[in-house]
Amino acid sequence: MNSFLNVNRPPVFCPGCTHEKITQGLDKALVQLGLRPDKTVIVSDIGCSGLFDTFFNVHALHGLHGRALTYAFGLKLANPELNVIVTMGDGGLGIGGAHVLASCRKNPDITLIVLNNFNFGMTGGQYSVTTPADAITGSEFLNRAEIPLDICAVAESAGATWIDRCSGQDSDLAEHIVKAVRHKGFSVVETLGLCTGRYTKRNKLTPKILDQMIADLPVRNGLVEKNARPEYGELYRKFAAEKTHFPEPVTIEKRFSLEKPEPQEVVILGSAGMRIVTAGDIVCYAGLSAGMNVSMKNDYNITVLRGQSVSEILISPEKIGYAGIKAPTVVLALSEEGVQRRKNIFKTLSPSTFVLKEKSVEIPDTGAEVHEIDFKSYKISKPDWALASLGFLADKEKLFTSEMLQFAIRSRFNEKVSASALETVAKLMGN
Amino acid sequence: MALSFMEGNEAIARGAIAAGCDFFAGYPITPATTIFNSMLKMLPPRGGICIQGEDEIASIGYCIGASMAGRKVLTATSGPGISLYSEQISFGIGGEIPLVIADVQRLGPSTGSATRGADSDIQFLRWGNTGGIPVIVLAPKDVQDCYVLTVHAFNYAEEFRCPVFIASNKEIGMTKESVDLGAARLPKVVERKMFGGGDYLPFSADSNMAPPFLPIGGKTLVRQTSSTHGPDGYITIDPEVIANTQQRLADKIEQAEERITLFEETMKEGTDTLVISYGVTSRAVEDAAIKLEREGKPVSTLTLKTLWPVPEKLLRKKAEPFNRIVVIEMNQGQYVGEIRRVLRDKNIDFYGQMDGVLITPSKIMEVIGNE
């Protein structure tokens with residue numbers, strides 16, 4: 001193929017704009033690379049660089065300002081055969097900075113061509129993240145209070161494996177692009193250019209000055225040895241291929257029949273680290289083993305290592321509607337924090353409510369039937385109090401029988417953990 | 001019978017797998033994170049891809065790229081993430097890109113409460129795009145719905161080539177419950193309609209339909225663009241072409257309203273009150289209705305599973321015999337306006353609650369009792 005250019009869609013840039021040279025350079029590079037058009041996509045975003053997707057006879061995706069790399073990444077992962085080339089201006093670079101950093105860190109096999117012409121051409125020459133502080137821009141004095149970003153330096157510290165900088169006016173621009181596309185990994189080619197419609201009207205900038213700017217900046221000419229590493233997709237697929245186990249849902253066959261299945265509302269009041277949620281799971285498993293419907297809501301702090309941990313469980317022979325607690329039938333009061341979180345329920349409890357409190361825990365006045373256990377006297381440590389309470393419940397045939405509890409524990413844990421959990425609950429059974 | 005035990009978020013992941021989802025990208029956010037966790041466990045063994053984006057904008061951007069490569073994609077977030085998705089959602093609408101977005105709603109506004117439920121985003125999901133083009137929003141009421149509606153969501157996304165939202169809620173997403181997956185009636189999985197023939201124009205479609213699809217990376221060159229475009233995918237300023245596209249984007253969804261309408265009802269003969277609700281609130285409504293029937297004061301209930309497009313024909317038909325309509329919502333009244341718009345001649349009472357806790361059946365009984 002002699003050219004990838006779409007003859008029906010010629011470039012429409014301002015006379016003298018470097019973007020036109022980059023269009024030609026990219027076309028020359030595509031020809032040299034001999035890429036298949038149907039295996040190549042140009043992804044662009046907003047601004048004059050966002051016109052690039054229309055000029056070439058390849059696949060094209062034109063999206064939101066600064067987000068081109070996000071689509072490019074999705075395309076490349078979904079179809080690793082694609083050659084993905086992104087064009088982005090200094091505007092997109094600024095607004096989409098997070099995606100540039102992420103691409104440098106992740107190292108997907110994508111080529112990013114930055115068309116840096118030092119300002120927002122389309123909207124009136126406002127300053128961008130690369131505008132020199134002494135430039136005259138459409139943003140009055142604002143750029144004078146900031147400094148420009150060296151994207152190549154940022155890319156290097158963010159882990160880019162290929163960084164190149166050249167003038168968009170360079171006669172060997174195509175060579176720069178060819179090498180970048182051939183690089184397996186994320187490649188950044190920063191091109192410096194002239195925005196003749198806006199920037200050079202107010203600022204002295206010529207091809208020669210561009211060359212001098214590049215000469216004055218640290219040399220960037222391709223492979224970044226210190227960042228060299230495998231491409232993202234290859235690593236992702238390697239690690240993902242090791243994950244062969246598909247997690248089937250937790251499913252519990254009905255194996256016990258309750259003589260009189262009744263709705264139960266269970267509240268477990270504890271603290272972080274007391275395995276309240278795990279105890280709640282076991283209560284639910286036991287219910288499921290008798291063919292009951294169950295639901296469980298948990299309340300704990302986002303900072304999981306401290307504060308209350310409350311589990312609210314419904315067990316019912318009927319389908320469960322409202323999943324909140326209305327009238328608890330069983331309350332386990334295992335820590336002050338947990339009790340404080342639901343202190344208002346105690347005065348509402350009916351005389352038939354079964355309350356189990358740890359000896360050290362104070363509870364508000366209640367008309368319920370209160371049982372007290374001194375777990376320390378059983379040599380049971382605090383992280384096991386919730387589990388041990390279930391042994392006490394089974395012993396009193398509250399919620400479940402000891403067979404149901406033992407089955408639930410075996411279903412919830414692996415063999416080793418089950419053995420010690422069964423020992424713990426046994427301490428409270430048969431007393 | 002064997003019951004499974006899972007939270008709503010896991011059920012959405014399982015629904016996605018059942019629908020053939022093979023790409024997920026998301027960013028951690030309570031209460032939606034466990035959808036991401038589940039997909040990360042489920043997709044790799046099935047050959048699918050699961051990625052954590054550097055932010056929400058990237059996550060949905062990855063999904064847009066993957067969808068355009070032909071994948072079936074899911075992302076999941078909560079209200080603050082939907083805000084960040086917004087511009088990309090507009091792209092999904094205008095570019096007719098199939099996307100399924102699970103919004104596990106939490107109490108807003110803004111950061112709000114990460115671990116408190118509310119149906120905060122019901123209007124936001126519909127109108128949070130530039131252009132005001134219709135989208136499809138499904139609202140599960142329990143774990144089983146999360147499973148089933150997710151398959152519907154994928155089917156709609158593929159057929160109508162648009163973003164489809166699952167408007168879940170912290171109170172479903174993070175509540176574990178028993179569910180009989182075997183008894184769930186899943187719809188037949190719908191695949192994207194592919195273009196056959198020559199001279200592909202990526203946005204050429206029949207008047208009320210989505211265009212047939214070809215992937216980026218296939219033999220035929222494809223254009224996708226977020227800009228106003230003609231059938232060829234190039235920018236246009238032709239008013240007639242623009243008007244036709246705008247109309248088609250609306251028509252393809254609105255004219256399929258009846259087909260997209262999903263609901264449940266419990267109609268009791270001789271009742272004069274119909275209680276309309278959606279999401280987790282409808283469970284308390286059903287409990288209240290059972291109690292009221294026992295008290296000799298029965299009411300009928302209608303649970304909407306499709307919120308957008310508004311099931312106008314269903315609402316009119318179901319409401320027809322009733323003198324009084326009661327609408328209950330876990331917000332300050334986001335959907336009741338739609339119901340008032342559709343049922344203009346009805347007496348409509350409303351109760352909304354947005355305080356981080358579930359509306360109780362007794363509160364609903366009180367509202368129904370206060371004529």
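**Exercise 1. The nonpolar cores**

Task: In this predicted model, find how many residues the largest nonpolar core has and which residues have the most contacts inside it.

Solution: Begin with the core as a whole, which has 234 residues, and in which Val86(A) and Ile136(B) are the residues with the most contacts. Next, ask which element supplies the largest share of this core; that element is helix 6 of chain B, with 11 residues. Then take Ile136(B) and list what it touches, leaving aside residues up to four places away in sequence: the partners are Tyr156(B), Phe160(B), Cys162(B), Val164(B), Ile253(B), Ile260(B), Trp308(B) and Pro309(B). Finally, look for a second core, separate from the one above, which has eight residues, including Phe118(A), Leu192(A), Tyr199(A) and Leu210(A).

**Exercise 2. A strand and its two neighbours**

Task: Decide whether the residues of strand 4 (residues 110–116) of chain A are buried or exposed, and work out which strands pair with strand 4.

Solution: The first step is to count, and the count shows that seven of the seven residues of strand 4 of chain A are buried. The second step is to separate the directions in which the residues point. In a regular strand the side chains alternate between the two faces of the sheet. In strand 4 of chain A, Ile110(A), Leu112(A), Val114(A) and Asn116(A) point one way, while Thr111(A), Ile113(A) and Leu115(A) point the other way, and all of these are buried. The third step concerns the neighbours: strand 3 (residues 83–89) of chain A runs parallel to strand 4 and is joined to it by six bridges, with Met88(A) standing opposite Val114(A). Strand 6 (residues 187–192) of chain A also runs parallel to strand 4, again with six bridges, and here Ile113(A) stands opposite Val189(A).

**Exercise 3. Where chain A meets chain B**

Task: Find how many residues each chain gives to the contact, and which element of chain A gives the largest share of its side.

Solution: Start with the totals, which are 54 residues from chain A and 58 residues from chain B. On the side of chain A, at least two residues each come from strand 2 (59–62), helix 2 (68–78), helix 4 (97–106), strand 8 (251–253), helix 10 (276–289) and strand 10 (293–300). The largest share of this side, eight residues, is supplied by helix 2 of chain A. By class, the side of chain A that touches chain B has 29 nonpolar, 17 polar and eight charged residues.

Now return to helix 2 of chain A and check its burial: 11 of its 11 residues are buried, among them Tyr71(A), Phe73(A) and Lys76(A). As a last step, turn to strand 10 of chain A, which is joined by two bridges to strand 8 (residues 176–179) of chain B, the two strands running antiparallel. Within this pairing, Met296(A) has Lys176(B) as its bridge partner.

**Exercise 4. Domains in the two chains**

Task: For each chain, give the division into domains and state how far apart the domain centres lie.

Solution: Chain A is divided into domain 1 (18–241) and domain 2 (264–426), and the C-alpha centres of these two domains lie 58 Å apart. Chain B is divided into domain 1 (4–183) and domain 2 (264–369), whose centres, taken over C-alpha atoms, are separated by 26 Å. In chain B, 24 residues of domain 1 are in contact with 20 residues of domain 2. The side of domain 1 of chain B that takes part in this contact has 12 nonpolar, five polar and seven charged residues.

The record can then be set beside chain A. An unreviewed UniProt entry places "domain: Thiamine pyrophosphate enzyme TPP-binding" at residues 45–190 of chain A, a span that is 31% helix and 19% strand, with its end C-alpha atoms 16 Å apart. The annotation "domain: Pyruvate/ketoisovalerate oxidoreductase catalytic", also from an unreviewed UniProt entry, covers residues 276–372 of chain A; over these residues the chain is 21% helix and 31% strand, and the end C-alpha atoms are 18 Å apart.

**Exercise 5. An enclosed helix**

Task: Explain why helix 12 (residues 385–395) of chain A is largely enclosed by the rest of the structure.

Solution: Count the buried residues, which are 10 of the 11 in helix 12 of chain A, so the helix is largely enclosed by the rest of the structure. The buried residues include Trp385(A), Leu387(A), Leu390(A) and Phe392(A). Just after helix 12 of chain A, Glu397(A) takes a positive phi of about 55 degrees.

Terms used. Residues are numbered from 1 along each chain as its sequence is written. Chains are lettered from A and ligands numbered from 1 in the order in which they are written. This is a predicted model: local features need pLDDT of at least 70, side-chain atom pairs count only at pLDDT 80 or more; totals for chains, interfaces and linings use all residues. A residue is buried if 20 or more other C-beta atoms lie within 10 Å of its own, exposed if 12 or fewer, and partly exposed in between; C-beta atoms are placed from the backbone. Helices (H or I, at least four residues) and strands (E, at least two) are DSSP runs, numbered from the N terminus. UniProt positions are given in the numbering used here, feature names are shortened, and annotations may be inferred rather than shown by experiment. Domain bounds come from an automatic or database domain assignment. Two residues are in contact if their C-beta atoms, placed from the backbone, lie within 7 Å. Ala, Val, Leu, Ile, Met, Phe, Trp, Tyr, Cys and Pro count as nonpolar, Asp, Glu, Lys and Arg as charged, and the others, Gly among them, as polar. Two strands pair if DSSP finds at least two bridges between them. A nonpolar core is a set of buried Ala, Val, Leu, Ile, Met, Phe, Trp, Tyr and Cys residues joined through C-beta atoms within 7 Å.
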